[in-house]
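Some of the terms used for a fold rest on cut-offs, and it helps to see each value set beside its cut-off. The questions below do this for one model.

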Amino acid sequence: MKFKELVEKALSSITFGQGVREAKYMTPQSYAFHSLSVATLSLEICNAIASVNETGKEQLEGLGKRYGLDVDSLCFYGGFLHDWNKLGSEEEARGVVKKLGIKDAEAFLYNIATMAEGHLPDNLHLPLWISIKLADMLMISDISSVKDVYLHAESPAYKTAVKMLEEYGLSLGYISSTFRLFTLVASKDLLRELVSSDYFPLISYTDGIVFLKKKGSRPVLLSGIAELLNKKVFSSSEEDV
């Protein structure tokens with residue numbers, strides 16, 4: 001299923017009241033905003049794993065068959081429902097699961113949607129567990145910079161998931177610089193123009209960007225980013241400007 005369709009279906013599965021409920025207490029994140037953000041990041045991480053590692057791809061495809069979903073839907077809805085307890089009740093959560101077309105609500109709510117803060121059901125679920133857990137980590141309320149991300153990545157709650165990324169030939173990386181530079185140049189399209197397909201952008205903050213990278217990939221140099229910024233801002237081409 002295409003990303004736009006996933007977002008539309010997810011939003012249509014919840015009521016306005018459910019969507020505007022608080023998902024975080026320290027920052028003004030509504031349930032809809034937080035859940036869609038985690039869903040999007042979970043999908044990106046799943047896609048990165050599947051694109052660089054055949055075992056990870058096969059595991060995700062196997063999970064898709066088990067739950068009756070294509071891989072994109074599995075990863076996206078897994079992230080979208082990770083905070084289903086904040087919908088109000090289990091009955092309301094089951095209603096959302098039904099609207100999404102997920103057949104086994106029990107298995108999905110208790111095997112997949114709890115992965116953000118819960119256990120790993122079995123090794124087959126590993127790539128999805130990593131994706132949902134790290135996606136939720138990147139949306140933690142008190143993270144305001146890439147340096148905060150790495151403090152959490154080293155914490156007991158997330159350290160194992162970060163380490164297990166290496167089993168799929170990936171690692172969590174970041175580039176940090178001065179405030180506001182990255183608000184101009186750290187979009188997905190620009191980063192892809194700057195680096196190779198070995199990099200998978202996840203999220204940007206005012207001081208930098210967090211991404212996944214393949215083992216052995218070449219480093220991204222700040223000098224290259226500065227050069228790209230200069231080209232984009234001062235180019236005489238109307239298209240570039």
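Q: How do you know that strand β2 and β3 pair, and in which sense do they do so?
A: In this predicted model, strand β2 (residues 199–205) and β3 are joined by six bridges in the antiparallel sense, and since pairing is called when there are at least two bridges, the two strands count as paired. One of the positions concerned is Ile203, whose bridge partner in β3 is Val210, and the connection from β2 to β3 is a hairpin of two residues.

Q: What makes strand β1 a partner of β3?
A: Strand β1 (residues 170–176) pairs with β3 over seven bridges, again in the antiparallel sense, where at least two bridges are needed. Phe211 of β3 is the bridge partner of Gly173, and Ser176 stands opposite Gly208 in β3.

Q: Why are β1 and β2 said to stand at the edges?
A: The three strands form an open antiparallel sheet in the order β1-β3-β2. Each of β1 and β2 has a single partner strand, so one side of each is left without a neighbour in the sheet. Neighbouring strands of this sheet are turned by 25 degrees against each other on average, with direction ignored. Helix α3 (residues 31–52) packs on the sheet and touches β1, β2 and β3, its direction making about 160 degrees with that of β2.

Q: What makes strand β3 mostly covered?
A: A residue is called buried when its relative accessible area is under 20%, and in β3 (residues 208–214) five of the seven residues are buried.

Q: Why are α4 and α5 called roughly perpendicular?
A: The axes of helix α4 (residues 54–67) and helix α5 (residues 71–80) cross at roughly 80 degrees and come within 8 Å. Angles of 65 to 115 degrees count as roughly perpendicular, and α4 and α5 are therefore roughly perpendicular to each other.

Q: Which residues make the contact of α4 with α5, and how do they divide by character?
A: From α4 the contact draws on Leu60, Glu61, Leu63, Gly64 and Tyr67, and from α5 on Val71, Leu74 and Cys75. These residues divide into six nonpolar, one polar and one charged, in a scheme that counts Tyr and Cys as nonpolar, Gly as polar and Glu as charged.

How values were computed. Residues numbered from 1 in each chain as written. Predicted model: local features only at pLDDT ≥ 70, side-chain atom pairs only at ≥ 80, totals over all residues. Heavy atoms only, no water. Axes fitted to C-alpha atoms, helices over the stretch in contact; angles between N-to-C directions. Helix = DSSP H or I, 4+ residues; strand = E, 2+ residues; numbered from the N terminus. Parallel < 35°, antiparallel > 145°, perpendicular 65-115°, else oblique. Contact = heavy atoms within 4.5 Å. Buried < 20%, exposed > 50% of the residue type's maximum accessible area, 1.4 Å probe, protein only.
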